[in-house]
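The following note is addressed to a colleague who is meeting this structure for the first time. Its points are numbered for ease of reference.

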Amino acid sequence: MRLRNSPRKYVRYSASVQTDHGAAEGVLFDLSATGCRLQSNLSLTPGTYLALHIEAPESDAPLGIDVSIVRWHKDNQFGIEFLRYAEAHRERITDLIEGREVTTVPDHAHEEELVLSAALA
């Protein structure tokens, strides 16, 4: 079993999930800079790639995760690893986890993508 390398914060945020096979709504829990736990009625299996839009009440705009992957599945809950997202979104997630004031994302944030290695999960 791999140990977690990044701190997690218990949250309860609404999230939109998009895969190649459809879209659904879900609830996001246990947020970290490298992933989260997601509850959804969408049928997801380990290895499925997806995009997430997270509605954090502390943030003015949704947090976007461009590419994520399902790492585990149990009932209607999923372990999600974030693979690629804008640096500004990563900073906002880190601010949420550490209890700092959430900064706004500049319009060019989608151009500053960050690729996380699996070793960070």
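1. Among the contacts in the protein chain with a separation of 6 or more, 53% are accounted for by residues 24 or more positions apart. The reader should bear in mind that this is a predicted model.

2. The protein chain contains 1 helix and 7 strands. Along the sequence, these elements follow the pattern β-β-β-β-β-β-α-β.

3. Burial and surface may be taken together. Of the 121 residues in the protein chain, 46% are buried. The chain exposes about 7,000 Å², and carbon and sulfur atoms supply 49% of that area.

4. The largest nonpolar core has 26 residues, of which Tyr 13, Leu 28, Leu 31, Leu 52, Ile 80, Phe 82 and Ile 93 touch the most other members. Two or more residues of this core come from each of β1 (13–19), β2 (22–32), β3 (35–40), β4 (49–55), β5 (63–74), β6 (77–86) and α1 (87–98). The element that gives the most is β6, with 4 residues.

5. Ile 80 merits separate inspection, being one of the core residues that touch the most other members. Which residues is Ile 80 in contact with, leaving aside its neighbours within four places in sequence? They are Thr 34, Gly 35, Cys 36, Leu 38, Leu 50, Leu 52, Ser 68, Ile 69 and Val 70.

6. The helix α1 has 12 residues, and the distance from its first C-alpha to its last is 16 Å, close to the 16 Å expected at 1.5 Å a residue. Its buried residues are Ala 88, His 89, Arg 92, Ile 93, Thr 94, Asp 95, Leu 96 and Ile 97. Their cover includes β1, β2, β5 and β6. Just after α1, Gly 99 takes a positive phi of about 75 degrees.

7. A further residue to examine is Leu 44, which lies in the loop between β3 and β4. Is Leu 44 buried or exposed? Leu 44 counts as buried because its relative accessibility is 2%, and the cut-off for buried is under 20%.

8. The surroundings of Leu 44 can also be described. Leaving aside neighbours within four places in sequence, Leu 44 is in contact with Thr 19, Leu 50, Val 70, His 73 and Phe 78. His 21 is 23 residues from Leu 44 along the chain, and the C-alpha atoms of the two are separated by 9.6 Å. Leu 50 and Val 70 appear among the contacts of Leu 44, and Leu 50 and Val 70 are also among those of Ile 80.

Terms used: Residues are numbered from 1 along each chain as its sequence is written. This is a predicted model: local features need pLDDT of at least 70, side-chain atom pairs count only at pLDDT 80 or more; totals for chains, interfaces and linings use all residues. Side-chain values use heavy atoms; hydrogens and water are left out. A nonpolar core is a set of buried Ala, Val, Leu, Ile, Met, Phe, Trp, Tyr and Cys residues joined through side-chain atoms within 4.5 Å. Buried means under 20% relative accessible area, exposed over 50%, partly exposed in between (1.4 Å probe, protein chains only). Contact means heavy atoms within 4.5 Å. Accessible areas come from the Shrake-Rupley method with a 1.4 Å probe; for residues, only the protein chains shown count as cover. The expected span of a helix is 1.5 Å times one less than its number of residues.
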